[in-house]
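Trainee: Got a minute to go through a structure with me? I'd like to take it piece by piece.
Mentor: Sure, put it up and ask away.

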Amino acid sequence: MHSNHLLLEEPIRMASILEPSKASFFPAMTKIVGTLGPKSRSVEVISGCLNAGMSVARFDFSLGDADYHQETLENLRTAIKSSKKLCAVMLDTVGPELQVVNKSEKAISLKADGIVTLTSDQGQEASSEVLPINFAGLSKSVKKGDTIFIGQYLFTGSETTSVWLEVNEVKDQDVVCVIKNSATLAGSLFTLHASQIHIDLPTLSDKDKEVISTWGVKNKIDFLSLSYTRHAEDVREAREFLSKLGDLSQTHIFAKIENVEGLTHFDEILQEADGIILSRGNLGIDLPPEKVFLFQKAAVNKCNMAGKPAVITRVVDSMTDNLRPTRAEATDVANAVLDGTDAILLGAETLRGLYPVECISIVGKICAESEKVFNQDMYFKKTVKFVGEPMTHLESIASSAVRAAIKVKASVIICFTSSGRAARLIAKYRPTMPVISVVIPRLKTNQLKWSFSGAFEARQSLIVRGLFPMLADPRHPAESTNATNESVLKVALDHGKASGVIKSHDRVVVCQKVGDASVVKIIELED
């Protein structure tokens with residue numbers, strides 16, 4: 001849809017493509033969300049993931065209990081301290097996920113053209129003839145000819161670990177299916193997805209609520225990934241639930257679009273959510289293959305214009321078992337960046353993949369290379385046109401800061417903020433240089449104790465493309481009566497120098513509030 005997002009300056013020397021990329025403190029402007037699990041939960045591996053570029057750790061409660069994930073989170077905290085890398089926490093709900101229960105955990109072989117029955121009787125043992133499921137209403141939801149996919153976390157229908165079924169007959173509570181491809185299902189739990197079928201289950205299940213109100217509250221989660229979001233009301237209900245849980249009222253809700261229902265109501269969902277996750281695994285089953293790219297480009301563009309983070313999943317599936325991505329996967333990652341995505345979410349690739357650290361590193365390198373040819377000029381003009389006139393005060397300041405930074409070839413933009421909103425608006429215009437978001441904590445009280453805000457706001461920047469947060473000394477207000485506020489600016493500049501993004505004689509654009517006025521200023525560094 002927006003092919004002009006690619007910028008290649010002509011004439012380009014083809015040999016220059018082979019020149020090694022320069023190492024950087026920031027691996028890429030595009031962020032990477034890594035799912036922590038069996039292959040990626042030790043302190044050593046998590047430290048490797050952080051150093052490779054992971055900025056958000058995802059905890060998928062479809063697998064493992066609260067104690068298991070708590071142990072992983074404690075390892076993450078240890079790794080954060082040792083690596084000195086910030087990392088946010090995302091809790092991924094189970095939602096109305098249909099599952100096949102295999103209590104014996106014995107491998108189940110299914111042969112093409114054979115018959116298998118899906119039953120709601122969970123007392124039966126899973127076998128090649130019968131698969132017990134956790135939803136009694138499936139027989140009322142499907143009809144002859146409907147498509148069902150089953151696999152362990154990762155399923156495409158093209159591999160030997162997932163199976164494609166076609167409904168042949170519905171008998172009372174049972175669904176009799178024809179097996180379309182030979183497969184071996186291994187493990188205790190498999191995901192079941194009925195293509196383009198409405199499943200009458202709540203988006204936020206009782207189990208999800210229990211996990212959020214216990215594990216989520218205890219660990220002050222930064223993001224809630226709301227699985228199978230189908231309507232804007234799903235987001236509103238989740239937000240109302242979080243609002244009653246103390247600090248979690250600040251948690252950002254990312255609506256996970258996984259089926260045609262979510263696609264149909266996308267605009268209303270985007271309006272309510274803080275961000276969007278395009279779950280291409282399930283969407284790729286619900287949509288015809290030739291339509292998947294169109295939805296991705298349209299959805300990412302809508303998120304960009306709304307200034308809300310867009311996250312893409314399922315990009316390097318083959319790296320679950322292989323050290324290198326396929327050519328198509330490498331190109332897919334690059335195209336996601338050129339489309340304007342904020343973050344790449346790695347699921348099975350890091351959860352149970354053999355090469356979690358290498359996977360994050362390679363995806364980060366592809367993102368960094370793609371960003372070099374992102375057509376920022378065209379994107380900026382399109383965004384300004386979309387916003388229209390008159391702009392809001394904050395939007396005008398944000399776009400002006402980006403325009404100034406590009407015109408003077410600034411090495412970095414520094415934004416002082418207390419809520420994080422100003423920094424996110426600057427990032428919305430996709431500047432070519434990093435944005436250091438200096439989050440100034442606010443002192444607040446509930447009349448019983450004092451506390452500082454700011455930690456949530458800083459970590460929540462870690463999923464926004466181009467934003468790199470740092471938490472400032474609370475003694476320096478974001479709204480200063482002193483036009484220079486030299487001390488806190490010096491801290492930010494020193495951080496930039498230590499990161500390698502600021503050097504002597506560089507120009508830096510600074511955005512901050514002075515009294516009631518918002519100020520954009522350009523400073524040139526001396527030796």
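Trainee: Which residue is the bridge partner of Thr119 in strand 10?
Mentor: Asp174 is the partner of Thr119 there. Keep in mind that this is a predicted model.

Trainee: How many bridges join strand 6 to strand 10, and do they run parallel or antiparallel?
Mentor: Five bridges join them, and the two strands run antiparallel. Strand 6 covers residues 115–119, and strand 10 covers residues 174–179.

Trainee: And how many bridges join strand 9 to strand 10?
Mentor: Six, again in an antiparallel arrangement. Strand 9 is residues 162–171. One of the pairs puts Leu165 opposite Ile179 of strand 10.

Trainee: What sits between strand 9 and strand 10?
Mentor: Two residues, in a hairpin. Asp172 is in that turn, and its phi is positive, about 50°.

Trainee: Where does Lys111 lie?
Mentor: In the loop between strand 5 (108–110) and strand 6.

Trainee: Is Lys111 buried or exposed?
Mentor: Exposed. Its relative accessibility is 59%, and the exposed class is anything over 50%.

Trainee: What is Lys111 in contact with, leaving aside its neighbours within four places in sequence?
Mentor: Ile179 and Ser182. Ile179 is the strand 10 residue that partners Leu165. Also, Lys111 and Val163 are 52 residues apart in sequence, with their C-alpha atoms 9.5 Å apart.

Trainee: Let's switch to helices. What is the span of helix 4?
Mentor: Helix 4 takes in residues 206–219, 14 residues in total. From first C-alpha to last is 19 Å, close to the expected 20 Å.

Trainee: Where is the kink in helix 4 centred?
Mentor: On Ile212, with an angle of about 30°. Ile212 is also one of the buried residues of the helix.

Trainee: Which other residues of helix 4 are buried?
Mentor: Asp208, Val211, Trp215, Gly216 and Asn219.

Trainee: What do the buried residues of helix 4 pack against?
Mentor: Strand 2 (54–60), helix 2 (66–83), strand 3 (88–92), strand 13 (223–226) and helix 5 (232–243). Right after helix 4 comes Lys220, with a positive phi near 45°.

Trainee: Which residue of helix 2 touches Trp215?
Mentor: His69 does. This histidine lies in helix 2, and Trp215 is among its contacts. The others, beyond four places in sequence, are Phe59, Asp60, Phe61, Leu63 and Gly64.

Trainee: Why does His69 count as buried?
Mentor: Because its relative accessibility is 2%, and buried means under 20%. A polar atom of the His69 side chain also lies 3.2 Å from the backbone oxygen of Asp60.

Trainee: Next one, Asn304. Which helix is Asn304 in?
Mentor: Helix 9, residues 289–306. Asn304 counts as buried, at 3% relative accessibility.

Trainee: What does the side chain of Asn304 reach?
Mentor: The backbone oxygen of Gly340, at 3.0 Å. Beyond four places in sequence, Asn304 is in contact with Asp339, Gly340, Asp342, Tyr379, Lys428 and Arg430. Thr383 is 79 residues away in sequence, and the C-alpha to C-alpha distance is 8.2 Å.

Trainee: Arg430 rings a bell. Which side chain has a polar atom 3.3 Å from the backbone oxygen of Arg430?
Mentor: Gln376's. Gln376 is in helix 13, residues 376–387. At 7% relative accessibility, Gln376 is buried as well.

Trainee: What else is Gln376 in contact with?
Mentor: Val402, Ile406, Tyr429, Pro431 and Thr432, leaving aside neighbours within four places. Val402 is one of the buried residues of helix 14.

Trainee: How far apart are the end C-alpha atoms of helix 14?
Mentor: 21 Å. The helix has 15 residues, 393–407, so 21 Å is what 1.5 Å a residue should give. Just after helix 14, Lys409 takes a positive phi of about 55°.

Trainee: Last topic, the whole chain. How many helices and strands does the chain have?
Mentor: 17 helices and 25 strands. Buried residues make up 54% of the 527 residues.

Trainee: How much area does the chain expose?
Mentor: About 23,700 Å², with 53% of it from carbon and sulfur atoms. As for contacts with a separation of 6 or more, 70% join residues 24 or more positions apart.

Note on methods:
Residues numbered from 1 in each chain as written. Predicted model: local features only at pLDDT ≥ 70, side-chain atom pairs only at ≥ 80, totals over all residues. Heavy atoms only, no water. Helix = DSSP H or I, 4+ residues; strand = E, 2+ residues; numbered from the N terminus. Expected span 1.5 Å × (residues − 1). Buried < 20%, exposed > 50% of the residue type's maximum accessible area, 1.4 Å probe, protein only. Contact = heavy atoms within 4.5 Å. Polar contact = N/O pair within 3.5 Å; in protein donor to acceptor, adjacent residues only side chain to side chain. Bend = angle between axes of the 7 residues up to and from the residue. Areas by Shrake-Rupley, 256 points an atom, 1.4 Å probe, with all protein chains shown as cover. Pairing = 2+ DSSP bridges.
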